[in-house]
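Work through these exercises with the model open beside you. Try each task before reading its solution.

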Amino acid sequence: MPHESLSPAFSIIAKPAGPFCNLDCRYCFYLPKRSLFPGKQAGRMSVETLELFVRQYIASQPGPEVHFIWQGGEPALLGPAFFRNAFELQVKHCPSGKRVSNSLQTNGTLLDDEWGALLKEHDVLVGLSLDGPQNLHEANRGKKTFAAAMRGLECLHKYAVRLSALTCISRANQECGREVYRFLRDACGLQLLQFIPVVIPAADEPANLASPANPLSVQTLAYGKFLCDIFDEWLPRDFGRIFVQQFEVTLAMLVGLPPPLCIYAEECGRAAVLEHDGRLYSCDHFVSPEHTLGSLHDRPLAELLNSARQKTFGQAKRALPRACRLCEFLELCHGECPKNRLLPSPAGQPNLNYLCAGLKTYFAHTLPIFTKITRDLTQKIKF
């Protein structure tokens with residue numbers, strides 16, 4: 001059958017609650033998408049759409065592993081029953097020879113014992129949003145959110161759920177790299193860490209925060225220093241014990257593996273987003289009418305993802321200014337995420353990444369050591 005399977009590199013971020021959330025974080029890029037989904041059913045994926053997605057996504061994957069990614073908004077708004085049904089549908093539609101796994105991103109404030117037991121039972125990897133100690137976490141997420149998130153963390157630890165920290169780096173905590181890292185490691189007992197830079201284009205900022213200076217965004221050199229400070233804390237005592245996504249990605253690319261993170265790939269377009277109403281969009285950061293690929297209810301999932309429109313979207317990432325093409329770090333960066341390409345290059349060409357200077361700082365600081373690590377590992381493998 002035409003379009004029956006996807007490239008192995010394709011993945012889909014499912015948003016069963018859409019952009020709806022019980023919090024109102026100041027830097028959230030997804031909350032404004034609520035305007036795309038008016039009506040009484042907004043914010044809840046129907047049983048019909050859920051089963052259609054589960055069945056088609058499993059069938060479209062050519063390999064033995066099928067990984068479901070559940071994000072939002074806040075997916076926990078739908079309650080444990082929704083996900084219990086999702087897991088049952090995965091079993092129903094998963095043929096022999098394939099294995100299904102799940103990850104769930106949450107702010108943690110709605111989790112309880114029922115959630116903990118369910119997530120453990122199905123071995124779900126939970127990405128918990130934590131921006132640091134209370135003063136740093138609540139700077140953008142609001143008062144009382146820290147205590148609620150920590151109760152969620154305690155619940156997840158109680159049931160021994162696999163955990164990863166999702167930490168947003170903004171103007172509020174950009175100078176506190178070591179403090180944030182130690183909090184996540186020591187106070188929270190977390191070993192998988194992801195650090196996500198907040199970059200808010202002026203045109204996309206909430207009206208009450210509109211400013212050419214993007215007051216919530218991390219400053220690029222501060223972002224580079226944040227990563228370097230974490231690296232210097234991590235290397236002497238936590239190498240091989242604490243896994244920092246940025247470091248893992250750099251090491252993987254140095255040994256010639258495909259980029260584990262789409263933002264560092266030469267092309268993008270292989271991580272689409274499924275909204276709660278069944279509409280598919282090109283990317284998590286490009287959920288807009290002009291980037292709609294269509295609906296699962298009208299065309300098969302594989303057909304939508306293999307469409308010429310999605311391929312054109314992915315190939316557009318190759319459009320880089322000359323300064324990027326000549327950069328010594330090009331093969332480790334590829335211009336990073338297109339949504340952050342907000343600046344002109346020194347020569348006045350478009351598409352320079354806002355985080356460029358910070359990423360150069362990070363690469364210059366860490367590559368001598370990472371290169372030695374990969375060389376030593378390669379030699380050990382040969383012998």
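The exercises below concern a predicted model.

**Exercise 1. Helix length**

Task: Check whether the distance between the end C-alpha atoms of helix α2 agrees with its number of residues.

Solution.
- Step 1. Helix α2 covers residues 79-93, which is 15 residues.
- Step 2. At 1.5 Å a residue, the expected span is 21 Å. The multiplier is one less than the number of residues.
- Step 3. The end C-alpha atoms of α2 are 22 Å apart, so the two values agree.

**Exercise 2. The buried side of α2**

Task: Find which residues of α2 are buried, and name elements that cover them.

Solution.
- Step 1. Apply the cut-off: buried means under 20% relative accessible area.
- Step 2. Gly79, Pro80, Phe82, Phe83, Ala86, Phe87, Leu89 and Gln90 of α2 pass this test as buried.
- Step 3. The cover over these residues includes two helices, α1 (47-60) and α3 (113-121), and two strands, β2 (65-70) and β3 (99-106).
- Step 4. Consider the spacing. An α-helix has 3.6 residues a turn, so residues three or four places apart point the same way.
- Step 5. Now take Ala81, which also lies in α2. Ala81 has 54% relative accessibility, so it counts as exposed.
- Step 6. Place Ala81 relative to Pro133: their C-alpha atoms are separated by 32 Å, with the two positions 52 residues apart along the chain.

**Exercise 3. Aromatic pairs**

Task: Classify the ring pairs Phe53 with Tyr57 and Phe231 with Phe370.

Solution.
- Step 1. Ring centres must lie within 6.5 Å to pair. The model holds 23 aromatic pairs by this rule.
- Step 2. For Phe53 and Tyr57, the centres are 5.5 Å apart and the planes meet at 20°, so this pair is stacked.
- Step 3. Phe53 and Tyr57 are both in helix α1, four residues apart, or about one turn of the helix. Both are buried.
- Step 4. For Phe231 and Phe370, the centre-to-centre distance is 5.2 Å and the planes are at 70°, an edge-to-face pair.
- Step 5. Phe231 belongs to helix α7 (residues 220-238) and Phe370 to helix α13 (residues 356-382), so the pair ties together parts 139 residues apart in sequence. Both Phe231 and Phe370 are buried.
- Step 6. Return to Phe53 and Tyr57. They form one aromatic cluster with Phe68, Trp70, Phe82, Phe83, Phe87 and Trp115.
- Step 7. Add a charge over a ring: Lys15 lies over the face of Tyr30, 4.0 Å from the ring centre.

**Exercise 4. How α4 meets α5**

Task: Describe the crossing of helices α4 and α5, then list the residues that meet.

Solution.
- Step 1. The axes of α4 (residues 134-141) and α5 (residues 145-158) come within 8 Å and cross at roughly 110°.
- Step 2. Angles of 65 to 115 degrees count as roughly perpendicular. That makes α4 roughly perpendicular to α5.
- Step 3. From α4, Gln134, His137, Glu138 and Arg141 meet Thr145, Phe146, Ala147 and Ala149 of α5.
- Step 4. Leu136, His137, Glu138, Asn140 and Arg141 are the buried residues of α4. Their cover includes β4 (125-129), α5 and α6 (177-187).
- Step 5. Gly142 follows α4 and has a positive phi near 100°.
- Step 6. Lys144 sits in the loop between α4 and α5. Its phi is near 70°, positive in a residue other than glycine. At a relative accessible area of 72%, Lys144 is exposed.

**Exercise 5. Loop details**

Task: Inspect the peptide bond from Gly72 to Gly73, then Asn351 and Cys337.

Solution.
- Step 1. The Gly72 to Gly73 bond is cis, with omega near 15°. Gly73 is in the loop between β2 and α2.
- Step 2. Asn351 is in the loop between α12 (330-333) and α13. Its phi is positive, about 80°, although it is not a glycine. Asn351 is partly exposed, at 29% relative accessibility.
- Step 3. Cys337 is found in the loop between α12 and α13. At 7% relative accessibility, Cys337 counts as buried.
- Step 4. Leave aside neighbours within four places in sequence: Cys337 is in contact with Ile263 and Asn353.
- Step 5. Cys337 and Ile263 are 74 residues apart along the chain, with 4.6 Å between their C-alpha atoms.

Technical notes. Residues numbered from 1 in each chain as written. Predicted model: local features only at pLDDT ≥ 70, side-chain atom pairs only at ≥ 80, totals over all residues. Heavy atoms only, no water. Buried < 20%, exposed > 50% of the residue type's maximum accessible area, 1.4 Å probe, protein only. Contact = heavy atoms within 4.5 Å. Phe/Tyr/Trp six-rings, centres within 6.5 Å; stacked < 30°, edge-to-face > 60°. Lys NZ or Arg CZ within 6 Å of the ring centre and 35° of its normal. Axes fitted to C-alpha atoms, helices over the stretch in contact; angles between N-to-C directions. Parallel < 35°, antiparallel > 145°, perpendicular 65-115°, else oblique.
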